[in-house]
Amino acid sequence: MSDLPDEEPATTLPPDLRFLKILVTTLAAVMIVGLVAIVALLVIRLQQPNPLPQLPAAITLPEGAQAEAVTFARNYTVVVTDGGQVLVYDKAGQKVGDLTLGAEGGNSDGN
């Protein structure tokens, strides 16, 4: 004969473990919903093209100069020309200042 009972007792968890199981399941579900929400927001946001900033129509470069780089600040537009000039314009397109860099291509000391 065996010392084991013929019928298996119903397996019920103690109240503390039952609460912990419910808590873990709920937290896992909340994390999954949050992850799905983040992925959905990223997909929605990345599908919309970002509008490019518009150059003011009043900006005119010096004769023969071509823009190599343009930077938009809050109140200014900075244009770097192929001749090594840095031109600063306000929002209305009026020239506020300029700066001539050293030798063409940057610093005049070779670094």
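Q: In which sense do β1 and strand β2 (residues 76–81) pair, and over how many bridges?
A: Generally, strands of a sheet pair through backbone hydrogen bonds, either parallel or antiparallel. Here β1 and β2 go antiparallel, over five bridges; two strands count as paired if DSSP finds at least two bridges between them. One bridge joins valine 70 to valine 79 in β2. Keep in mind that this is a predicted model: local features need pLDDT of at least 70, side-chain atom pairs count only at pLDDT 80 or more, and totals for chains, interfaces and linings use all residues. Numbering starts from 1 along each chain as its sequence is written, and side-chain values use heavy atoms, with hydrogens and water left out.

Q: What is the strand order in the sheet?
A: It's an open antiparallel sheet of four strands, β1-β2-β3-β4. The edges are β1 (67–72) and β4 (95–100), each pairing on one side only. On average, neighbouring strands are turned by 15° against each other, direction ignored (axes are lines fitted to C-alpha atoms; angles run from 0 to 180 degrees between N-to-C directions).

Q: Which residue takes a positive phi in the hairpin of β3 and β4?
A: Glycine 93, with phi near 95°; that hairpin has four residues between the strands. Strand β3 (residues 85–90) pairs with β4 over five antiparallel bridges, and valine 88 sits opposite glycine 97.

Q: Which pattern does the protein follow along the sequence?
A: Read that way, it's α-β-β-β-β, where helices (H or I, at least four residues) and strands (E, at least two) are DSSP runs numbered from the N terminus.

Q: How many of the 111 residues count as buried?
A: 10% of them, with buried meaning under 20% relative accessible area (1.4 Å probe, protein chains only).

Technical notes: Buried < 20%, exposed > 50% of the residue type's maximum accessible area, 1.4 Å probe, protein only.
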